[in-house]
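Have a look at the sequence and the 3D view below. The notes after them are a short tour.

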Number of protein chains: 2
Amino acid sequence: MHELFAENQAFRANGRLWIEGPADRFLGIGRLELLEHIQATGSISKAAKTMGMSYKKAWDLVSSMNTQARQPLVGAQAGGAHGGGAALTPAGAQAVAEFRAMQERFEAFLAAETARLYQ
Amino acid sequence: MHELFAENQAFRANGRLWIEGPADRFLGIGRLELLEHIQATGSISKAAKTMGMSYKKAWDLVSSMNTQARQPLVGAQAGGAHGGGAALTPAGAQAVAEFRAMQERFEAFLAAETARLYQ
DNA sequence: TACCGTTATATTTGCCCGAACATAACGAAG
DNA sequence: CTTCGTTATGTTCGGGCAAATATAACGGTA
């Protein structure tokens, strides 16, 4: 393979990884980061803002995950002290931890494949 | 993780894998299959037709690969006995073999990750 | 009870990417 | 020198999906 690519190692293996259900995508890197931001901020709207994402899109993603999972990943309440808020359920926290680990194994795979291009 | 997913194992890990250069995507599963069809048919247009792809799109993909690689992956000639044709160069055949193997390693990775969801 | 920031949801707008269409050149063969 | 199937390339068109916009409801608090 090394003969095919430039000496400066300009080429690399890359990819996308996700978990999908029968109907739709369930969890990918974008949804993972959204969950992590919800975990950090306690709010869907704050998480969306920090990611440069519209609230509607963020809410649609959360809705997709909550309806597909056996148990919701995000619990939210409208109204109240500061307008409301959202937090990860235990299932959500577990999903974040597990998929983050899966993503890291995938990145290790990609690094190994990139190295292989030049071995 | 097993508590998050249904007993019927409806969820699975999936993904996309490709090799990218400094400017653009270089080789993915779609381009790989195109190269394999060119290899089998000796023609860009026949390969495109069997894949249900427009000739222009197929040619654009071939052009992208040929301009990014150190050596062209596909050699083609217009005109002649039966209008011309196209064939993989040795570099093209090598790229097909190597990326096909990479893709199969990726599919093994996905199968292992899917199994892990329910372990 | 007015206010505030959030959740929740529908509708409209806009834009980009791919599909479709069009055209030219090539070169052996008859 | 016409025909044929292919390579080669530009341009136009349309649909689908993301973005933007709009609106309502919620429920503590002051």
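Here is a walk through the two protein chains, the DNA strands and some salt bridges.

## How the two copies are arranged

Keep in mind that this is a predicted model. Start with the protein chains: turn chain B by 180°, with 0.0 Å of shift along the axis, and it superposes on chain A with an RMSD of 0.1 Å. The two copies are thus related as by a two-fold rotation axis. If you want to find that axis from chain B, go to B:Arg16, whose C-alpha is the nearest of that chain at 2.6 Å.

The chains also touch each other, and 100% of the interface residues of chain B are interface residues in chain A too, so the copies meet through the same surface.

## Around DNA strand C

There are 21 residues around DNA strand C, and those that come nearest are A:Ile44, A:Lys46, A:Tyr55, A:Trp59 and B:Gly79. The residues of this surface split into eight nonpolar, nine polar and four charged. On the DNA side, 65% of the strand C atoms within 4 Å of the protein belong to sugar or phosphate, and the rest to bases.

Which atoms of A:Ser45 and A:Trp59 sit by a phosphate oxygen of this strand? For A:Ser45 a backbone N or O atom does, at 3.0 Å, while for A:Trp59 an N or O atom of the side chain does, at 2.9 Å. Chain B joins in as well: a polar backbone atom of B:Gly79 is 2.8 Å from a base oxygen of strand C. As for the elements, those giving two or more residues to this surface are α2 (44-51), α3 (55-68), β3 (74-78) and β4 (84-88) of chain A, plus α3 (55-68) of chain B.

## Around DNA strand D

DNA strand D has 21 residues around it, with A:Gly79, B:Ile44, B:Tyr55, B:Lys56 and B:Trp59 coming nearest. By class, you get eight nonpolar, nine polar and four charged residues. Sugar or phosphate accounts for 65% of the strand D atoms within 4 Å of the protein, and bases for the rest. At least two residues each come from α2 (44-51), α3, β3 (74-78) and β4 (84-88) of chain B, and from α3 of chain A.

Zoom in on a few backbone N or O atoms here. One in B:Ser45 lies 3.0 Å from a phosphate oxygen of strand D, and one in B:Gly83 is 3.1 Å from a base nitrogen. From chain A, a backbone N or O atom of A:Gly80 lies 3.2 Å from a sugar or linking oxygen of strand D.

## Salt bridges

How many salt bridges does the structure hold over all chains? There are eight. In one of them, the side chains of A:Arg12 and B:Glu20 meet at 3.1 Å, N to O. This pair crosses between chains, from strand β1 (residues 12-20) of chain A to strand β1 (residues 12-20) of chain B. A:Arg12 is partly exposed at 42% relative accessibility, whereas B:Glu20 is buried at 18%.

B:Arg12 and A:Glu20 form another salt bridge, with their closest N and O atoms 3.1 Å apart. B:Arg12 lies in strand β1 of chain B and A:Glu20 in strand β1 of chain A, so this pair joins two chains. Within chain B, B:Asp60 and B:Lys56 pair up at 3.3 Å, N to O. Both lie in helix α3, four residues apart, about one turn of the helix. B:Asp60 is partly exposed at 33%, and B:Lys56 is exposed at 57%.

Definitions and conventions
Residues are numbered from 1 along each chain as its sequence is written. Chains are lettered from A and ligands numbered from 1 in the order in which they are written. This is a predicted model: local features need pLDDT of at least 70, side-chain atom pairs count only at pLDDT 80 or more; totals for chains, interfaces and linings use all residues. Side-chain values use heavy atoms; hydrogens and water are left out. A residue is near a molecule or strand if one of its heavy atoms lies within 4 Å of it. A polar contact is a pair of N or O atoms within 3.5 Å; within protein, one must be able to donate a hydrogen and the other to accept it, and residues adjacent in sequence count only if both atoms are side-chain atoms. Ala, Val, Leu, Ile, Met, Phe, Trp, Tyr, Cys and Pro count as nonpolar, Asp, Glu, Lys and Arg as charged, and the others, Gly among them, as polar. Copies are superposed by least squares on the C-alpha atoms of residues with pLDDT of at least 70 in both. Contact means heavy atoms within 4.5 Å. A salt bridge is a side-chain nitrogen of Lys or Arg within 4 Å of a carboxyl oxygen of Asp or Glu. Buried means under 20% relative accessible area, exposed over 50%, partly exposed in between (1.4 Å probe, protein chains only).
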